[in-house]
Amino acid sequence: MLGIDVLEEMRFSPLVGKRVGLLTNPAGVNRRGESTIDVLRRAPGVRLVALFGPEHGIYGNEQANVPVASRRDPRTGLPVYSLFGRYRKPTPQMLRGIDVLVVDLQDIGTRSYTYVSSMLFSMAACFENNVGVLVLDRPNPLGGLKVDGPPVDPRWKSYVGAFSAPYVHGLTIGEIARMAKDTPGGLSVPGGINVPHAIRMRGRLTVIPMRGWRRSMRWPETGLRWVPPSPSVPDFAAVAGYPMVGLGCFIGGFSHGIGRNHPFRGIFNPRVSNETLARDLQAMHLPGLAFRLIRATDRIGRPTWGVYIQITDWNAWNPTELNFHLMRLACRYDPRNPFATAGRAEAGLFIKHMGSEAFFDALVRDGARVDVEGWFARWRREAAAFQQASRRYWLYQ
């Protein structure tokens, strides 16, 4: 049972008699697939007065990194305030007349996915304006045991890295909300669009936990239907692929998606043949991974090829490590070193997603000779420390 299902079983008691705002998108559904918007609209004693949309909008049909305008929803007649346009944080005017903001967003377990940031910035705005926050918890599709990858340096916190966690964090969105409220300065955001220098997390937070979810569960084991939270994450295969290649496809010529298929799971690099790429990747003997050539069609129906990343052993798999091997390969395939020649804007965006410039500097300096195993050892220690520290906020054992 998702948080929205538990809330319904509670007869919506935390919301009865209150004016409610809702931050959600198409993946905000109950276990029967009904939109949380519709569930709250018909909830007895609950007055839904406004909707708030994250990146991609409340209907999930807006493209990544494209600002979304506020508007009135033609289906419900409610105002829809965009939190991925002129504002990333609700303004006092948006929150006027709202007693509690409900958050029902499906995260994918990877730090740079922006829905957690949307929740955190909204929490800050609500607390500053004496508005309560109620988070309807949802599964981490990768489960609650995988914690992996580089953390965020405080000076590089941003909308794609608003909280100090490894790239794969192992928490549900409700657990992150609890951790944020209890971590003074731990979620500060320097700069950004309409964002204060520090998020002050003092206010009324309620998290409605799921029922029946265990940390060992991946999404397919929940029995729930996957509803794409954004256009490029249409299925669980893409969820698992996002932390594997999202960073590795920023700089260096690698692209993900073969034609119209396999986002974040099919990759290619125009500098080498797919056969060479598959052979080089297999030669690394990465734990839990195998690579094979696949055929797909491009946008006009022509055949195209790439390399598919297959997870062969979930327990052995380290979600983020392939990214950094791809970066090293990119330096081998391009003797100019694409990291050393990257423009300032491109490098800055990469570092924001990465969370630190240290590894970028190592790539600029060492290129294909960069010691990725040394970095992995350091990040594993930091990830283990984060996981241990975050246990006090777990809602599920």
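Helices (H or I, at least four residues) and strands (E, at least two) are DSSP runs, numbered from the N terminus. This is a predicted model, in which local features need pLDDT of at least 70, side-chain atom pairs count only at pLDDT 80 or more, and totals for chains, interfaces and linings use all residues. Residues are numbered from 1 along each chain as its sequence is written, and side-chain values use heavy atoms, with hydrogens and water left out.

**View 1. The whole protein chain.** Let us start with the full picture: the protein chain has 11 helices and 11 strands. Its C-alpha trace spans about 65 × 45 × 40 Å along the principal axes. The radius of gyration (taken over C-alpha atoms; the globule rule is 2.2 Å times the number of residues to the power 0.38) is 21 Å, which agrees with the value near 21 Å for a compact globule of 397 residues. Of the 397 residues, 58% count as buried, where buried means under 20% relative accessible area, exposed over 50%, and partly exposed in between (1.4 Å probe, protein chains only). Among contacts (heavy atoms within 4.5 Å) with a separation of 6 or more, residues 24 or more positions apart account for 73%.

**View 2. The sheet of seven strands.** Here 7 strands form an open sheet in the order 3-4-2-1-5-6-7, with mixed pairing. Strand 3 and strand 7 (205–208) stand at the edges with a single partner strand each, so one side of each is left without a neighbour in the sheet. Two strands pair if DSSP finds at least two bridges between them.

**View 3. Strand 6 and its two partners.** Strand 5 (residues 100–104) pairs with strand 6 in the parallel sense over 4 bridges, and leucine 101 stands opposite valine 133 in strand 6. Strand 6 and strand 7 also run parallel, joined by 4 bridges. The bridge partner of leucine 136 in strand 7 is isoleucine 208. Strand 6 (residues 132–136) has 5 of its 5 residues buried, so it is largely enclosed by the rest of the structure. Look at how the residues alternate: Gly132, Leu134 and Leu136 point one way from strand 6, while Val133 and Val135 point the other way.

**View 4. Phenylalanine 121 in helix 4.** Follow the chain to helix 4 (residues 115–128), where phenylalanine 121 is found. Phenylalanine 121 counts as buried, at 2% relative accessibility. Its C-alpha atom and that of proline 90 are separated by 7.8 Å, although the two residues are 31 residues apart along the chain.

**View 5. Helix 6 and what covers it.** In helix 6 (residues 236–245), 9 of the 10 residues are buried, so the helix is largely enclosed by the rest of the structure. The buried residues of helix 6 include Phe236, Tyr242, Pro243 and Met244. What covers them includes strand 8 (255–256), strand 9 (266–268), strand 10 (289–297), strand 11 (303–311) and helix 8 (321–333).

**View 6. The sheet of four strands.** Strands 8, 9, 10 and 11 meet again here, as 4 strands form an open sheet in the order 8-9-11-10 with antiparallel pairing. The edge strands are strand 8 and strand 10, each of which pairs on one side only. Between strand 8 and strand 9 there are 2 bridges in the antiparallel sense, and the bridge partner of serine 255 in strand 9 is phenylalanine 268.

**View 7. Threonine 320 in its loop.** Threonine 320 lies in the loop between strand 11 and helix 8. At 1% relative accessibility, threonine 320 counts as buried. Leaving aside residues up to four places away in sequence, threonine 320 touches Asp148, Gly149, Tyr167, Val168, Pro243 and Met244. Pro243 and Met244 are also among the buried residues of helix 6.

**View 8. Two loop residues with positive phi.** Most residues other than glycine have a negative phi. Histidine 56, in the loop between strand 2 (47–53) and strand 3 (71–72), has a positive phi near 80 degrees. Histidine 56 is buried, with a relative accessible area of 5%. Asparagine 337 sits in the loop between helix 8 and helix 9 (344–354), and its phi is positive too, near 65 degrees. Asparagine 337 is buried, with a relative accessible area of 11%.
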